[in-house]
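Let's take a friendly walk through this structure, starting with one strand and ending in the protein's interior. Keep the 3D view open as you read.

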Amino acid sequence: MTVVTVIGGGLAGSEAAWQVAQRGLAVRLYEMRPQVMTPAHHTGDLAELVCSNSLGSALETTAGGLLKRELELMGSLILEAARRTQVPAGGALAVDRERFAQEVTCRVTSHPRIEVVREECRTIPEGIVVIATGPLTSPALSSTLQRITKVENLHFYDAAAPIVLGETVRYDLGFWGARYGKGSPDYFNCPLTKEEYLAFWNALVTAEVAPLHEHEVDPEGFPVFEGCLPVEVIAKRGQDALRYGPFRPVGLVDQEGRRPYAVLQLRRENTEATLFNLVGCQTRLKWGEQKRVFRMIPALQEAEFVRYGVMHRNTFINSPRVLTAGFQFREEGRLFLAGQVTGVEGYVESTASGLLAGVNAARLAQGQEPLVLPRESMLGSLAHYVSTADPEHFQPMNANFGILPPLDPPVRSKQERKLAYTQRALRVLAEFWQGVEEESTWRN
């Protein structure tokens with residue numbers, strides 16, 4: 001029996017392995033943890049989330065919500081596990097991170113056609129391979145990727161936000177509510193007056209940052225993805241930068257109907273709501289500085305931090321030079337790439353690349369042509385972007401409506417335009433995917 005190898009047991013790798021196995025092929029999934037740990041992981045579970053526990057908006061009229069619907073339409077394991085372990089988060093899909101990783105681990109390891117090998121894969125095996133080693137690819141495999149892709153470096157930097165103990169939050173100094181009242185009021189909002197905000201901002205921009213560790217040496221020229229900028233970097237852009245970014249108060253009013261000057265939102269980290277993530281506060285401040293600065297927010301004045309924010313190195317390749325829109329290497333067709341290493345940015349985007357890479361690896365093993373999804377779909381346009389963007393200025397990309405083909409005829413209203421994009425994408429992808437499934441049924 002043909003065996004497809006998947007390297008990496010994160011979101012993309014777990015999804016890829018599942019898709020291959022579900023198509024009747026044997027899979028050998030390599031995951032080096034817990035034998036070899038990374039600077040950001042804490043367990044040996046598959047699909048462990050190392051930053052936020054939120055998979056982003058679940059609203060269909062958002063780009064992230066549309067991508068989730070597409071993945072569910074195509075039978076995503078990761079989305080199914082997320083739905084099973086979700087915690088209240090208003091219009092977002094957030095999960096209990098421990099239960100989520102355990103759910104994925106259980107499903108993958110119990111699949112009769114998946115063999116999980118707990119060791120570091122330092123070279124590319126023979127045969128069809130999906131490389132999904134994630135943002136913390138080991139040095140040995142990074143060197144292999146550098147050789148294959150003929151590039152000098154594969155790195156950018158990412159940061160995670162602190163997590164606080166729920167029982168130490170001053171709930172009397174804030175209010176529950178979702179922005180613009182969308183979804184249930186699952187976020188706890190920590191308001192600041194103008195004076196409180198300015199004091200916090202001044203402390204933040206003057207606080208000491210932690211030096212990078214040896215494995216995170218930051219050479220000149222390594223890019224930082226805009227969506228993962230440390231909060232202190234955003235703050236240094238100007239006194240009101242946070243108020244137009246993660247601390248924006250628009251769409252939020254307190255019990256008296258007043259809009260605060262600035263707001264920090266807390267999002268549940270687990271089902272029991274005993275842990276909360278400081279939304280948008282990914283940081284590289286020293287740990288003592290994090291406690292000092294964030295406790296200046298009135299509702300967090302007594303907060304106990306169970307995890308401090310950290311910064312770590314991510315890895316991605318210049319995909320337009322080496323990948324097709326099916327996440328297949330142009331020059332070595334037996335190899336596929338998936339996850340953030342391809343230049344997609346975000347949990348769901350990484351999962352999506354793993355799904356398509358896994359499907360295409362299985363199709364190649366069965367003598368079929370790899371799929372290129374319709375451009376009208378969010379995943380189709382994301383795959384198109386990473387394979388055709390300007391290689392001289394390539395940067396990681398989230399799902400967004402800007403990468404979709406224009407509507408014909410155009411729609412003027414912003415909300416109606418988003419709805420039209422969503423309806424078109426789901427209609428076109430559903431028709432395309434039905435044809436794929438019918439072809440698979442006929443062949444079997």
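Ala262, Leu264, Leu266 and Arg268 point one way from strand β12, while Val263, Gln265 and Arg267 point the other way. Whichever side you look at, these residues are buried. Keep in mind that this is a predicted model. Strand β12 covers residues 262-268, and seven of its seven residues are buried. The buried set includes Gln265, Arg267 and Arg268, alongside residues such as Val263 and Leu264.

Now look at what lies beside the strand. Strand β11 (residues 188-192) runs antiparallel to β12 and is joined to it by five bridges. One place to find this pairing is cysteine 190, whose bridge partner in β12 is leucine 264. Strand β13 (residues 275-278) is also antiparallel to β12, with three bridges joining the two. Here you can pick out arginine 267, which has asparagine 277 as its bridge partner in β13.

Next, turn to the nonpolar interior. In soluble globular proteins, nonpolar side chains tend to be buried together. In this model, the largest nonpolar core has 93 residues, and Phe100, Val104, Ile131, Phe329 and Met378 have the most contacts inside it. Helix α10 (residues 347-365) gives the most to this core, contributing nine residues.

To see one of these hubs up close, select phenylalanine 329. Beyond its neighbours within four places in sequence, phenylalanine 329 is in contact with Ile131, Leu145, Ile148, Thr149, Val322, Leu323, Leu335, Phe336 and Leu337. There is also a second, separate core of 33 residues, which includes Val169, Cys190, Leu229 and Val293. Cys190 brings us back to the strands, as the bridge partner of leucine 264 in β12.

Terms used. Residues are numbered from 1 along each chain as its sequence is written. This is a predicted model: local features need pLDDT of at least 70, side-chain atom pairs count only at pLDDT 80 or more; totals for chains, interfaces and linings use all residues. Side-chain values use heavy atoms; hydrogens and water are left out. Buried means under 20% relative accessible area, exposed over 50%, partly exposed in between (1.4 Å probe, protein chains only). Helices (H or I, at least four residues) and strands (E, at least two) are DSSP runs, numbered from the N terminus. Two strands pair if DSSP finds at least two bridges between them. A nonpolar core is a set of buried Ala, Val, Leu, Ile, Met, Phe, Trp, Tyr and Cys residues joined through side-chain atoms within 4.5 Å. Contact means heavy atoms within 4.5 Å.
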